[in-house]
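Hi,

Here's the structure I said I'd pass along. Have a look at it first, and my notes on what turned up are underneath.

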Amino acid sequence: MASLLSEILFETARQGPPPSKDFYQFVITQKEVIWRWWKISVRSEFRGAPPGEIKLFHNDFLNDARLQEQLAAVFGARILEYTLALCRGHVDYLERLPDKLLLKILSCISLQDIGHLSQTSSRFRKLCNSEEIWRQAVMGHCDMITEDMEMLANVMGWKNIFFKFYYNKEHDSTAYPAEEEDKANTESP
C-alpha cells in the first residue's frame, strides 16, 4: 500500500484570516510537515521581508501546539484534524487510488451505495456523477448501446438517460404486480 503514496501526502495554501494579507502554504510529506509564510504588508518594516519556512518531522509537529494553533487559525479545525491523522499514520488509501481503478470498483457496487459515496468528498462526487459510471449503469440494463442512444446521451448525459428510461421502468415493473393483486382482492366477492 505504501507504493500508492506520493511524496506529498497533502498540500494547501491560502491567504491568512482578515485583516492579515499574509499568504501561507502547508505541505505534508511522508516524513515531514512544512509550514511556509510570506508577509504581505504596506508597512515599511515588513517590506522586502523574506518568506519564512518551518520544517518538522511528524512527531515534532504532533508535539508543537503553537504551530497547530497557527494551522487551525489559517486553515481551520478540519484541516488540523486531517493533518494530525496523517502525521499519526492514518492515511486514506481509497482516496489515493487512480480514477480508472475507482471507476472499476464503483461499477461493482449498488446505485444506492454510489449515491451515498458521492456525498463523502468532492472527488467521489465527481466520480459518482461521471458519464462513465452512468454509461455502465445503462449498459447493465440493456443489451447494447445504439448510435441513437449515444447521440441522445451526448445531449442529455448518461445519468439522465438512466433515470429517464431505465430506473423508472425498473421500479414501475415491481409496483405493477402489487397493484394488480390489490385490484384482484378488491374485485373478488
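Let's start with the largest nonpolar core in this predicted model. That core has 20 residues, and the ones touching the most other members are Leu-106, Val-138 and Tyr-166. Five helices put in at least two residues each: helix 5 (99-106), helix 7 (122-128), helix 8 (131-139), helix 9 (147-156) and helix 10 (158-187). If you want a residue to centre your view on, try Val-138: setting aside anything up to four places away in sequence, Val-138 touches Met-149, Trp-158, Ile-161, Phe-162 and Tyr-166. There's also a second core, separate from that one, with 18 residues, among them Leu-9, Leu-67, Leu-86 and Cys-87.

For the overall layout, the protein has ten helices and four strands. The order along the sequence is easy to remember, as the pattern reads β-β-β-β-α-α-α-α-α-α-α-α-α-α. Out of 189 residues, 29% count as buried. As for contacts with a separation of 6 or more, 41% of them come from residues 24 or more positions apart.

Now the pocket, which I guess is what you'll open first. The largest one has a volume of about 310 Å³. Its lining is made up of Arg-78, Ile-79, Glu-81, Tyr-82, Asp-92, Glu-95, Thr-120, Ser-121, Ser-122 and Arg-123. Sorted by class, that's five charged residues, three polar and two nonpolar. Helix 3 (77-87) and helix 7 are the elements that give two or more residues to this lining, and helix 3 gives the most, with four. So where does the largest pocket sit relative to the two domains? Domain 1 (2-93) and domain 2 (94-173) both contribute to the lining, so the pocket lies between them.

One backbone detail to check before you set anything up: the peptide bond joining Pro-18 and Pro-19 is cis, with omega at about 5 degrees. Most peptide bonds are trans. Pro-19 is in the loop between strand 1 (8-15) and strand 2 (23-29).

Gly-16 is found in that loop between strand 1 and strand 2 as well. Is Gly-16 buried or exposed? Its relative accessibility is 7%, and the cut-off for buried is under 20%, so Gly-16 counts as buried. Leaving out neighbours within four places in sequence, Gly-16 is in contact with Asp-22, Tyr-24 and Val-74. Val-74 is 58 residues from Gly-16 in sequence, yet their C-alpha atoms are 5.4 Å apart.

Helix 2 (residues 65-75) has a pair of sequence neighbours worth colouring by accessibility. Gln-68 is found in helix 2, and so is Glu-69. Gln-68 has 13% relative accessibility and therefore counts as buried, whereas Glu-69, at 56%, counts as exposed. What does Gln-68 touch, not counting residues up to four places away in sequence? The list is Phe-61, Leu-62, Asn-63, Leu-80 and Leu-84. Leu-80 comes up for Glu-69 too: the C-alpha atoms of Glu-69 and Leu-80 are separated by 8.6 Å, with the two residues eleven apart along the chain.

Last one on my list is Gln-30, in the loop between strand 2 and strand 3 (32-38). Its relative accessibility is 37%, so Gln-30 counts as partly exposed. Gln-30 and Ser-6 are 24 residues apart along the chain, and 7.9 Å separates their C-alpha atoms.

That's everything I have for now. Shout if you'd like to go through any of it together.

Cheers

Methods
Residues are numbered from 1 along each chain as its sequence is written. This is a predicted model: local features need pLDDT of at least 70, side-chain atom pairs count only at pLDDT 80 or more; totals for chains, interfaces and linings use all residues. Side-chain values use heavy atoms; hydrogens and water are left out. A nonpolar core is a set of buried Ala, Val, Leu, Ile, Met, Phe, Trp, Tyr and Cys residues joined through side-chain atoms within 4.5 Å. Buried means under 20% relative accessible area, exposed over 50%, partly exposed in between (1.4 Å probe, protein chains only). Contact means heavy atoms within 4.5 Å. On a 1 Å grid over the protein atoms alone, a cavity is a set of points where a 1.4 Å probe fits but cannot get out, and a pocket is an open set with protein on both sides within 12 Å along at least five of seven lines; lining residues have an atom within 4 Å of a point. Grid points are joined across faces, edges and corners, and a volume is the space filled by probe spheres set on the points. Ala, Val, Leu, Ile, Met, Phe, Trp, Tyr, Cys and Pro count as nonpolar, Asp, Glu, Lys and Arg as charged, and the others, Gly among them, as polar. Domain bounds come from an automatic or database domain assignment.
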